[in-house]
Amino acid sequence: MADYALMNQLLFEGKHKIVQQMTEEALAEGLDVAAVLEDGLIAGMRVVGEDFKRNRIFVPEVLLAARAMKAGMAILRPLLTERGDADTSETIVMGTVKGDLHDIGKNLVGMMAEGAGFTIVDLGTDTSAEEFIAAVREHDAAILGMSALLTTTMIYMPKVVEAVKASGLDVKIAVGGAPVTPEFANEIGADGYGADAASAVNVFKELVAAREASRTSP
């Protein structure tokens, strides 16, 4: 039987080849795909996120663990799609705003969020309001996440917020990046702000809960 505790530890250590092999072996044993995903991969990435939040590990370790997570996901994703399970998690559309070509922070947030069970649609860098809106519509995203590393590009964020609100889309907006502050996020009408990758994942969870609550309230 698959040793999920060992799999979690190896993922934590970034042993991507072994994690991929263990994922294949778990499936060969006939284990449930969703269980392998949750207990073998996501559970390990959850520990990574918690340790990163508490400064026990740092960005290089997180990137190695995320690579291991992706190695396992490469095996599971075709089966999840085939079964229709791939769309059971909420979707986040992410991108660095127009004029900004920095993406390390955004990529790290995306990896952490994927590790937490979200489906990530990464639009890359230099993303316009129109591209954000089109992607949210296409993927029925619950959250739009945008980042900026420069003070000269963060001023594009309110334009995206304004355009999204004018579009009437039912999507929550989260912002982050080095020059972005909670005050700025509140000022431009964003729904959430993430100070770092681990915090961003918690913000995403809160926004999804708030979105669901608003849909069910009379």
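## Two buried rings

Let's start inside the protein: Phe 118 and Phe 204 are both buried. Keep in mind that what you're looking at is a predicted model. The structure has 1 aromatic pair. Phe 118 and Phe 204 make up that pair, with ring centres 6.0 Å apart and planes at 75°, so it counts as edge-to-face. The cut-off behind that label is an angle over 60 degrees between the planes.

Where do Phe 118 and Phe 204 lie? Phe 118 is in the loop between α5 and β2 (119-122), while Phe 204 belongs to helix α10 (residues 197-216). The pair therefore ties together parts that are 86 residues apart in sequence.

## The whole chain

Now zoom out. The chain contains 10 helices and 5 strands. Its radius of gyration is 18 Å, and the globule rule gives 17 Å for 218 residues; those values are close, so the chain is as compact as a globular protein of that length. If you follow the C-alpha trace along its principal axes, it spans about 50 × 40 × 30 Å.

How much of the chain counts as buried? The figure is 46% of the 218 residues. Then there are the contacts between residues at least 6 apart in sequence: 73% of these join residues at least 24 apart.

## A charged residue on the inside

Next up is Asp 100, which you'll find in the loop between β1 (91-96) and α5 (104-115). Asp 100 is buried, yet it has no salt bridge. Which side chain of opposite charge is nearest to Asp 100? That's Lys 106, and it is 10 Å away. A salt bridge would need the charged atoms to be within 4 Å.

Asp 100 does have a polar partner, though: its side chain and that of Thr 153 are joined by a polar contact of 2.7 Å. Thr 153 also turns up among the residues in contact with Asp 100 once you set aside neighbours within four places in sequence. The others on that list are Thr 125, Asp 126, Ala 148, Leu 149 and Leu 150.

## Phe 12 in helix α1

Finally, take a look at Phe 12, which sits in helix α1 (residues 4-12). Is Phe 12 buried or partly exposed? Its relative accessibility is 24%, so Phe 12 counts as partly exposed. The cut-off for buried is under 20%.

Leaving out neighbours within four places in sequence, Phe 12 is in contact with Val 47, Val 48, Asp 51, Ile 57 and Ala 65. You can also trace from Phe 12 to Arg 46: they are 34 residues apart along the chain, and their C-alpha atoms are separated by 9.4 Å.

Definitions and conventions: Residues numbered from 1 in each chain as written. Predicted model: local features only at pLDDT ≥ 70, side-chain atom pairs only at ≥ 80, totals over all residues. Heavy atoms only, no water. Helix = DSSP H or I, 4+ residues; strand = E, 2+ residues; numbered from the N terminus. Buried < 20%, exposed > 50% of the residue type's maximum accessible area, 1.4 Å probe, protein only. Lys, Arg positive; Asp, Glu negative; His and termini not counted. Polar contact = N/O pair within 3.5 Å; in protein donor to acceptor, adjacent residues only side chain to side chain. Contact = heavy atoms within 4.5 Å. Phe/Tyr/Trp six-rings, centres within 6.5 Å; stacked < 30°, edge-to-face > 60°. Rg over C-alpha atoms; globule rule 2.2 N^0.38 Å.
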